[in-house]
Amino acid sequence: MLIEYAKTTRNSTSYKGFGTGPPKGPKRYKSDDELVVPKRGLTLGGGVMLDAILLRDKAGGHTLAWMVCSSRYGMVFCYCLNVELMKSGNGRFAFGFYGAVIFVHLSVQSFFALLEQRYTFRNPPPPNYSTDAPSKVALQISAYQEDPDYLRECLAAITKLEYPRSKLKVLLCIDGNGDDSLYMAEIFETVMAEAGLRPVFFRWDYNYHELPEDVGDDENGVRLLEQMIADNQFICLMQAWGGKREVMYTAFKALGESVEYVQVCDSDTVLDPCAMLELAWVLDTQPNSGAVGGDVQILNDGDSFISFLSSLRYWTAFNVERACQSYFGVVSCISGPLGMYRMKVVQEFLDLWSDQKFLGEVCTFGDDRHLSNRMLQLGYATKYTPRSLCLTETPATYSRWLSQQIRWSKSYFREWLFNALWWHKHHLWMVYESIVAGTFPFFVLYTTFSTDYSGNLWDFIFLLLTIQIIGLVKGFFAGIIRGDSIMLFMSFYSCLYVTSLLPGKIFAMLTIRKKGWGTSGRKTLLSNYNSLIPVVIWNSLLLYGLIRTLISNDYSRLYEVRYDVVGALAYLGFWVYMWTMWRVAVQWRLSKKSDLALESETENFSSERSDEDDEDPGEDRIRRQSPLVSTSVQSHPVSDELTKPLLGPASVEPTDRSDLEIGRESPRSLVDFRFRVNDL
């Protein structure tokens with residue numbers, strides 16, 4: 001039964017609980033004049049043209065400025081002139097300058113990612129670190145109308161974290177204080193109590209930006225809230241709805257500098273028992289690093305083809321792209337499901353982050369990317385460690401996935417402009433990669449549209465083949481690092497990028513001021529279907545162009561028609577082969593959301609039988625330490641050298657490696673998942 005902390009005898013303030021305080025006030029944010037940027041965060045004196053900013057930056061120097069400008073405009077110039085490095089005798093095949101840039105970029109990126117992974121796995125925390133970790137850590141979980149199964153798994157995994165209990169604090173922050181959100185507080189209380197912990201519950205009428213006017217902290221609950229967080233370890237807080245950034249701000253502000261680090265987590269995320277330990281180890285041993293993120297993988301990759309492709313994209317984004325960025329200390333986004341920050345530094349820019357404005361509007365989404373950018377602004381490095389793992393949910397339906405991608409694109413374009421102001425403070429790789437990532441969508445957009453309307457059918461077929469080849473090359477490099485050929489299915493994602501993400505990115509720029517939680521919580525059908533509008537328009541234009549090309553194409557030369565037919569058959573054959581391989585060899589191995597219920601029922605049955613038989617449940621408890629079925633399709637063997645450091649003191653090394661093989665008949669736990677890290 002939920003008992004509000006404010007209604008207990010421990011409350012010595014005049015705030016007596018939910019519904020007893022004065023009405024909340026209007027939403028108030030600090031003006032730009034009130035927001036003070038730390039001195040070491042100051043940089044250039046404004047300006048909107050990036051090249052102009054760089055050219056007048058005396059701190060960064062003219063060399064960097066000219067390198068940035070010349071590389072960007074040089075690439076655009078060669079692309080527009082269609083500079084070709086190699087060409088077949090009949091002119092049907094060519095390898096251009098831009099293709100060479102992409103190939104070299106993927107090669108260099110993969111090389112540095114591999115170096116970073118090698119270094120990370122060869123420098124694990126010492127064996128006694130799990131019991132002697134010196135730093136206090138607070139874990140903040142953001143929740144909004146979460147699926148009960150996901151929330152329960154998230155909290156159950158948190159109770160098994162291998163971090164010194166005396167130095168750990170857990171805050172579940174629920175966005176919304178209505179009765180329809182009480183089920184999340186009840187789940188928190190139940191899970192914590194089952195683990196032998198003492199949870200406390202605080203239901204607040206307000207949030208920090210909507211406090212009642214002309215009322216002191218003793219009456220509005222602020223003093224009681226901060227006192228409760230200081231005196232307790234496992235806290236559930238419900239507050240007035242304000243968005244994800246608002247609940248994160250409440251936790252950060254109420255905690256202050258009472259802990260060294262704060263780890264953020266989403267309510268649909270299942271943490272590996274050693275996830276926190278690995279993140280804290282990086283910050284403890286690298287004082288110049290302000291934040292570190294871990295490897296986020298997908299727990300429901302078997303729910304649909306969309307979720308499967310998302311799982312491959314996630315792996316590439318973290319273990320190639322961010323691993324490479326981490327080598328230079330410039331990870332552009334510490335992902336929300338698994339990230340840790342130095343609390344002292346966060347306090348320096350807390351109001352700047354929470355009251356961020358863009359085009360005159362207060363920003364709500366993109367909280368993780370802006371936190372990372374603020375760390376970079378102050379000159380701190382941002383890192384990534386593949387040793388810290390978690391599983392998280394991804395949209396399984398096309399419309400919900402598209403809504404998520406549009407929301408992420410909004411924050412990306414906004415933060416790209418902000419990030420450009422700190423290029424001179426960090427490695428040149430950050431400059432180079434930002435330019436490539438920022439210009440690539442527009443190159444693809446122009447190429448696709450112009451080729452589709454060219455009137456030459458072979459050009460269109462060759463474009464389709466090129467898109468698949470680029471996807472295969474990217475999957476090939478990722479597969480080398482992962483040691484798994486399943487990454488070749490990334491070629492499917494290339495088609496998804498052209499048909500859906502490109503129009504989604506344009507739509508994101510046009511609606512960049514629209515706010516919301518995006519894919520989180522319940523959504524109406526209308527808001528889901530809104531994201532389909534740009535896709536329908538874009539693909540209608542492509543279809544019209546294709547029809548025009550089919551009509552205007554010259555079919556008089558049999559030699560050229562043969563190329564068209566062979567190219568089209570090759571493209572269709574590739575899709576049929578890969579789709580068949582997915583259905584026959586991959587799909588049945590993946591994990592679905594329904595596995596959660598099955599695993600939970602199995603665990604409950606095993607627990608009841610253990611109680612009846614009066615046997616020692618210790619070994620079974622360890623085996624089921626994280627009862628979620630793993631999602632990664634990989635049976636690559638792992639050496640003992642890499643396996644042992646990944647195991648915490650409460651884990652046991654399996655003596656029979658056969659149970660790590662893929663298959664529905666032997667589901668693996670998240671702890672087992674750590675054994676499938678590649679032998680780098």
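Here is a short tour of this structure, stop by stop, for you to follow in your viewer.

**Before you click**

You're looking at a predicted model, where local features need pLDDT of at least 70, side-chain atom pairs count only at pLDDT 80 or more, and totals for chains, interfaces and linings use all residues. Residues are numbered from 1 along each chain as its sequence is written, and side-chain values use heavy atoms, with hydrogens and water left out.

**Stop 1: the whole chain**

Show the protein chain as a cartoon: it has 25 helices and 13 strands. Helices (H or I, at least four residues) and strands (E, at least two) are DSSP runs, numbered from the N terminus. Of the 680 residues, 57% are buried. Buried means under 20% relative accessible area, exposed means over 50%, and partly exposed is in between (1.4 Å probe, protein chains only).

Switch to a surface and you'll see about 29,400 Å² exposed, with carbon and sulfur atoms supplying 59% of it. That area comes from the Shrake-Rupley method with a 1.4 Å probe; for residues, only the protein chains shown count as cover.

**Stop 2: the open sheet**

Now pick out the strands in this order: β5-β6-β4-β3-β7-β10-β9-β13-β8. These 9 strands form an open sheet with mixed pairing. Two strands pair if DSSP finds at least two bridges between them. Which strands stand at the edges? They are β5 (199–203) and β8 (269–271); each has a single partner strand, so one side of each is left without a neighbour in the sheet. From one strand to the next, the twist averages 25°. Such angles run from 0 to 180 degrees between N-to-C directions, with axes being lines fitted to C-alpha atoms, for helices over the stretch in contact.

Zoom in on β8: 3 bridges join it to β13 (residues 381–392), and the two run antiparallel. Thr269 has Thr392 as its bridge partner in β13.

**Stop 3: helices on the sheet**

Select α5 (residues 148–158), which packs on the sheet and touches β3, β4 (168–175), β7 and β8. Its direction makes about 20° with that of β8. Then add α9, which also packs on the sheet, touching β3, β4, β6 (234–239) and β7, at about 145° to the direction of β4.

Stay with α9 (residues 244–255) for a moment. Its 12 residues reach 17 Å from the first C-alpha to the last, close to the 16 Å expected at 1.5 Å a residue. The expected span is 1.5 Å times one less than the number of residues. Is α9 enclosed or open? 11 of its 12 residues are buried, so it is largely enclosed by the rest of the structure. Right after α9 comes Gly256, with a positive phi near 60°.

**Stop 4: strand β7**

Select residues 261–266, strand β7: 6 of its 6 residues are buried. Tyr261, Gln263 and Cys265 lie on one side, Val262, Val264 and Asp266 on the other, and both faces are covered. β7 pairs with β3 (residues 137–143) in the parallel sense over 6 bridges, where Ser142 has Asp266 as its bridge partner. With β10 (residues 339–342), β7 pairs in the antiparallel sense over 4 bridges, and Gln263 stands opposite Met340.

**Stop 5: Ala280**

Go to Ala280 in helix α10 (residues 275–285). It counts as buried, at 0% relative accessibility. Which residues does Ala280 contact, leaving aside its neighbours within four places in sequence? They are Tyr129, Tyr163, Tyr261 and Met340. Contact means heavy atoms within 4.5 Å.

**Stop 6: salt bridges**

Side chains of opposite charge can pair when their charged atoms come close. The whole structure has 15 salt bridges, each a side-chain nitrogen of Lys or Arg within 4 Å of a carboxyl oxygen of Asp or Glu.

Show Lys24 and Glu210, which meet at 3.8 Å, N to O. The pair links distant parts of the chain: Lys24 sits in the segment before α1 (50–55) and Glu210 in the loop between β5 and α7 (217–220), 186 residues apart. Add Lys27 and you have a network of salt bridges linking Lys24, Lys27 and Glu210.

Finish at Lys30 and Asp351, whose side chains meet at 2.7 Å, N to O. Lys30 lies in the segment before α1 and Asp351 in helix α13 (residues 350–354), so the pair ties together parts 321 residues apart in sequence.
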